[in-house]
Amino acid sequence: MSDTLAPAIVSRPVQKGDHVFLVDGSSYIFRAYHALPPLTRKSDGLPVGAVAGFCNMLWRLLKEANEAGVKPTHLAVIFDHSATTFRNALYDKYKAQRPEPPEDLRPQFGLIRQAVGAFNVPSIEMEGFEADDLIATYTKQAVAAGADVTIVASDKDLMQLIEPGVIMLDTMKGKTIGRDEVIEKFGVPPEKVVDVQALAGDSVDNIPGVPGIGVKTAAQLIETYGDLETLLARAEEIKQPKRREALIAHAEMARISMQLVTLDRDVPLAEPIDRLGVRPIIGEQLISFLKAMEFTTLTGRVAAATGVESGGVEADGALTARAREAGRAATAASLFGSQATPPQPGFEDIGGLTPSGLAAARASAIKAIPFSHSGYETIRTEERLWAWIARATELGVVAIDTETTSLDPMQAELVGISLAVAPNEACYIPLAHRGEGDGLFTEGLLPDQLDIRVAIALLKPMLEDRAVLKVAQNLKYDWLMLARHGIDTAPFDDTMLISYVLDAGRGVHAMDPLSERWLGHKPISFDDVTGKGKARVTFDRVPIERASEYAAEDADVTLRLWQVLKPRLAAEGMSTVYETLERPMIPVLASMERRGISIDRAILSRLSGEFAQKAGALEAEIQEIAGQPFNVGSPKQLGDILFGVMGMPGGSRTATGAWATGASILEDLAEQGYELPQKILDWRQLSKLRSTYTDALPGYVHPETKRVHTSYALAATTTGRLSSSEPNLQNIPVRTEAGRKIRAAFIADPGHKLVSADYSQIELRLLAEIADIPQLKHAFAEGIDIHALTASEMFGVPVEGMPSEVRRRAKAINFGIIYGISAFGLANQLSIAREEAGAYIKRYFERFPGIRDYMEETKRICRDLGYVTTLFGRRCHYPEIASKNASIRAFNERAAINARLQGTAADIIRRAMVRVEPALEEAGLNARMLLQVHDELIFEVPEAEIEPTLALVTRVMENAPTPAVSLSVPLNVDARAADNWDEAH
């Protein structure tokens, strides 16, 4: 792109009466990044917020300069070339403490330079010199030629350049900086600024100065003694002992500081000032770049100003997109006033802070703003809705929330939508509220509400506008609701997912607790407006004024949470995890949920009868073993039988005094050889399969789609694994006969097949990779049977012709080690003595010592940091790994060991899910992804496209980690097609 954006050179000697504009590009990059809302390109998630801010600033500068009659004759944007300059040779600690640029800002540096070229403006930088030095040199040459100079910046280091004919312009604050403003800031005129800076130093740039002397004291000293050298020469005259001693002791450091802060006005410029003549904007070139960046609003403005068709804005009825935008702006001006949009609270320019410090400062600023409902509005007219849409469009960020009649987005009715554009500036748009009791409007809609079709038509352009960031809490629900009304919401941020990325494992991510934690505010609860229990009403029966207060506050809280949490992503190095593993999953999962999957009710009905018979038979066996009849489903009666009548060991009481009979207790007893606990476990499993699946699944069939639609939770586990509910399709047993029969009830539609694509032994492969186990890595690389290899290593049996029983034991150990299996557990699984199982585990670690090292290293890392990290950078927090309670500590240690493997596996399948459907679309294939179950993806595929789909899905899944992570161990995917899920799996 850069080749096509190289500006044409306009050579024009600088002369008296000219006006030279010099833009401090490096400063503006960081100011745009920190001062404006984040933004990513919808098509690929590329961070472009700073690029957008920079482009808007440059466009506004050129536009307003021309409108004000201050037309520049020469213009350039000046950048720093690198971190190392001649100042580092003077003082090796210069800027040494500056943090690395935020993770999501780095890819934007090059794009901003391309943006400057797209505007047809010279972009200047020189190795070994800072942008400030180049600006100083150009300023000196322009003044010498009799021209005026405007330095577009706010950096205090440039204030030394101000003199007659030279001013600074802070476009972000709309402020001009001249001699008076410099005196106000430093207490001295521009020509004395470097003397003050040399004494006061600068912690941001690591300029030492003189300890104990700040700007105010430095200004008093320079005012008294004239300049730095005179002050140092007469330092013994200073009356204050500490100040005198500091000046004498640090005189040389003050002189070095003077050299560091003094700008070089004689840089040997590679680009003469005469070649900075203003060049006309080439509309096609600039629009091409802006469209590539997907800056819709600015593209439209440039198209309107240059008369060049953008080609990317479609007409809507009688109004073109350009007219719509003008209409919104006019409406906003008349209803909100024409004042400039104020900066968002907490996002003002805060100098001298690290990214984490800046994030904390923003959080404090937002938290300090008290909540006030007086700025909330109920929208009842199109005019007012236009005004809010215009406001959101101009600000570029809006929080949204939908209010509905149900938690099921596939069947819920949309009742209203709330928006927030700033703290305490929120609204609610009622759409389908109904009366309550026996009043006139009990069955019909209440009056003074917008027609839902009209409201959706008005909101749709803004909700789909890529220049307006939509923020929501648990956005997937809102995305689905709006998608059902024909809206493709983009771009977006989800405060729940941001919190999850930052704090998975150390707190919940629902809105109310997040609000109390980060904002110190307890929001109006859902129960407060709908009631509880039998008195609860659906939201459409909530009075509009009460609903408005609740819904507007939700949007307000969401916006503030975003302002607090989003900066932490960059400050804590978690932006990539959010941008690549979390946010892109929202439309992927929402689309899967919307598609659903077909089931065969006849199979499920048959299975319910079969499971009931088997459960009845088990009950009879249980009664016989117990020696008396009792209610098998009663934990109390079971406890009395196990520990009271039969006297089994390990009994413990609950808080109510009853015997505890949870699954872990029954499993422990079963491991010790007791028959009754195992029978109880078998009965519970059958009963659960019947109640959860065979009896319940038909009730989940959607009345319109005739399919089952599960709901996926993105922020439910510490490791990043997805969970599903209503119904839960991820807990159907894989290896049991009953589980396989249930899977056979999930079927493809006529003319289609179900394709199951499953990662083979992915966690074992990741164990070999992360723990760096040479034998396992070699086996996977060569396609050797990993379980046979393990058996050979442990038992000395040749791989060729290995008995199946020996391989089975090695397989149990391989998988068991990952989950921290005990000797008890392995003994029960293999039906061997506990001592023998313990010997197997000991021998395993002797043959693969790297695995033990990995486990110990993981526990140490987690104890030190409180979290472990996946290969993709996801943090899984286990704060209780340092617990004094031995069982809690041991549980967290096992979880941390597993999290690095399971979390990385979860990240890999997420990357595959994000990539596979665009790949299918590009290949012209019609497969649709329906389900994700741990390491498996389920697709519905037209019969004629089976082979190419299998090949493509396999390729995408096996290459999912790249280029973010390069694995030395290959991934392997088993993909098959069949009429039902069981046969495909």
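**Strand pairing and helix packing exercises**

Strand S7 (residues 376-378) runs parallel to strand S10, and three bridges join the two. The model is predicted: local features need pLDDT of at least 70, side-chain atom pairs count only at pLDDT 80 or more, and totals for chains, interfaces and linings use all residues. Residues are numbered from 1 along each chain as its sequence is written, and side-chain values use heavy atoms, with hydrogens and water left out.

**Exercise 1.** Describe the protein as a whole by its elements, extent, burial and contacts.

*Solution.*
- Step 1: the protein has 39 helices and 22 strands, where helices (H or I, at least four residues) and strands (E, at least two) are DSSP runs numbered from the N terminus.
- Step 2: its C-alpha trace spans about 105 × 75 × 60 Å along the principal axes.
- Step 3: of the 985 residues, 51% are buried, meaning under 20% relative accessible area, with exposed over 50% and partly exposed in between (1.4 Å probe, protein chains only).
- Step 4: among contacts (heavy atoms within 4.5 Å) with a separation of 6 or more, 69% are between residues 24 or more positions apart.

**Exercise 2.** Which residues stand opposite Tyr-428 in S10, and how many residues of S10 are buried?

*Solution.*
- Step 1: two strands pair if DSSP finds at least two bridges between them. Strand S9 (residues 414-422) pairs with S10 in the antiparallel sense over six bridges.
- Step 2: Thr-378 stands opposite Tyr-428, and so placed too is Ser-418.
- Step 3: the hairpin of S9 and S10 has two residues between the strands, and Asn-424 there takes a positive phi near 70°.
- Step 4: in S10 (residues 425-430), six of six residues are buried. Glu-425, Cys-427 and Ile-429 point one way, while Ala-426, Tyr-428 and Pro-430 point the other way.

**Exercise 3.** In what order do the strands of the open sheet with S3 and S6 lie, and which helix packs on that sheet?

*Solution.*
- Step 1: the order of the six strands is S3-S2-S1-S4-S5-S6, with mixed pairing.
- Step 2: S3 (123-124) and S6 (175-177) are the edge strands, each pairing on one side only.
- Step 3: S4 (residues 148-152) and S5 (residues 166-170) pair in the parallel sense over four bridges. Val-152 has Leu-169 in S5 as its bridge partner.
- Step 4: helix H5 (residues 131-144) packs on the sheet and touches S1 (19-24), S2 (74-78), S3, S4 and S5. The direction of H5 makes about 175° with that of S1.

**Exercise 4.** Give the geometry and the contact classes for H18 with H24 and for H30 with H37.

*Solution.*
- Step 1: axes are lines fitted to C-alpha atoms, for helices over the stretch in contact, and angles run from 0 to 180 degrees between N-to-C directions.
- Step 2: H18 (residues 475-483) and H24 (residues 585-595) pack at about 55°, with axes 9 Å apart. The angle makes H18 oblique to H24, because angles under 35 degrees count as roughly parallel, over 145 as roughly antiparallel, 65 to 115 as roughly perpendicular and the rest as oblique.
- Step 3: this crossing is right-handed, that is, the near helix is turned clockwise from the far one by less than a right angle (anticlockwise is left-handed).
- Step 4: the contact includes Trp-479 of H18 and Arg-594 of H24. By class it has eight nonpolar, one polar and three charged residues; Ala, Val, Leu, Ile, Met, Phe, Trp, Tyr, Cys and Pro count as nonpolar, Asp, Glu, Lys and Arg as charged, and the others, Gly among them, as polar.
- Step 5: H30 (residues 762-770) and H37 (residues 886-922) pack at about 115°, with axes 9 Å apart, and their crossing is right-handed.
- Step 6: the H30 contact with H37 has seven nonpolar, three polar and two charged residues.
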